[in-house]
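Visitor: I would like a quick tour of this model. Please keep the answers short.
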Amino acid sequence: MLDVHPPHQAPHGWRDFLIHLFTITIGLLIALSLEGVVEWQHHRHLAHDAAVSMTAEIASNAKGMPATLTDLKKRQDELAHDVDVLKEFLRTKKFPKQNNMEISFGIRTFDNVGWRTAQTTGALSYMPYDEAEDFASIYNGQDLLAESEKSAARDAMIALAPFLNTKDSDPDPTPEQAQAIIDKISILESQILLVNSFMTALDEQYTKFLATHPH
């Protein structure tokens, strides 16, 4: 709040009036400059705190990526085995009881509180453009991966559906049923390939980002 007070006594002539006007102008400029510095410092601290928070969040999210990629490869191998078993059944017309089939898929979650807070407070607008773009790229990558994982989980449930409520004593599936299951698993395999692509790209982004942003 800036206060401008009238002179305690009326100016005597143009000279006094101009001196008083000059004094007020200088005072206003100083006050505005100080207010601008305070606001700039506030924005600077806001951007710094947001960057520190998001960097720590990204480092935490990156920790489990190698294990997640390894687990994803295991899921892909299981599905490839399932397809091989079903194709063998179509060839021999006999379902191999000793070969177990497994369809599973887990969703990896990511922390994003720091990102959402930075958006809410407007901290991103006070960062250098390149820095804000780096953060946005990583969190957008996380969102893309999360959406692809949701689709894969849905496809996994569809592929798993024919096996629900079945017993060992139940008859083998018909060739038509076996082919339908292969088709469903193939769709899941394709979706997991997409998940793997997003996950690998995000892991590379994490590595590159953290190499230049100590935490």
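Guide: Start with the outside. The accessible surface of the protein chain comes to about 14100 Å², by the Shrake-Rupley method with a 1.4 Å probe, where only the protein chains shown count as cover for residues. Carbon and sulfur atoms hold 59% of that surface.

Guide: Some ground rules come next. This is a predicted model, in which local features need pLDDT of at least 70, side-chain atom pairs count only at pLDDT 80 or more, and totals for chains, interfaces and linings use all residues. Residues are numbered from 1 along each chain as its sequence is written, and side-chain values use heavy atoms, with hydrogens and water left out.

Visitor: In which helix is confidence highest?
Guide: pLDDT is the predictor's confidence in each residue, from 0 to 100. The chain averages 82, and 77% of the residues score at least 70. Confidence is lowest in α1, at a mean of 71. The highest mean, 93, belongs to α5.

Visitor: How many helices and strands does the protein chain have?
Guide: Helices (H or I, at least four residues) and strands (E, at least two) are DSSP runs, numbered from the N terminus. Along the sequence the pattern reads α-α-α-α-α. The count is five helices and zero strands.

Visitor: What share of the residues is buried?
Guide: Buried means under 20% relative accessible area, exposed over 50%, and partly exposed in between (1.4 Å probe, protein chains only). The protein chain has 215 residues. The buried share is 29%.

Visitor: Which helix supplies the largest share of the largest nonpolar core?
Guide: A nonpolar core is a set of buried Ala, Val, Leu, Ile, Met, Phe, Trp, Tyr and Cys residues joined through side-chain atoms within 4.5 Å. The largest one has 43 residues, and M54, F105, M127, F135, I185, L188 and Y206 touch the most other members. At least two residues each come from α1 (13–63), α2 (65–92), α3 (113–121), α4 and α5 (175–212). The largest share, eleven residues, comes from α5.

Visitor: Which residues does M127 touch, beyond those up to four places away in sequence?
Guide: Contact means heavy atoms within 4.5 Å. M127 is among the core residues that touch the most other members. Its partners are A47, A50, A51, M54, A132 and F135.

Visitor: Is D155 buried or exposed?
Guide: D155 lies in helix α4 (residues 129–160). Its side chain joins that of R154 in a polar contact of 3.1 Å; such a contact is a pair of N or O atoms within 3.5 Å, where within protein one must be able to donate a hydrogen and the other to accept it, and residues adjacent in sequence count only if both atoms are side-chain atoms. Beyond four places in sequence, D155 touches I187, L188 and Q191. Its relative accessibility is 7%, so D155 counts as buried.

Visitor: What is the relative accessible area of Q191?
Guide: Q191 is found in helix α5. Leaving out residues up to four places away, Q191 touches S148, S151, A152 and D155. Q191 is buried, at 15%.

Visitor: Where do the buried residues of α3 sit around the axis?
Guide: In α3, the residues G114, W115 and A118 are buried. They cover an arc of only 100°, so they share one place: the same side of α3. The arc is that of the directions from the helix axis to the C-beta atoms.
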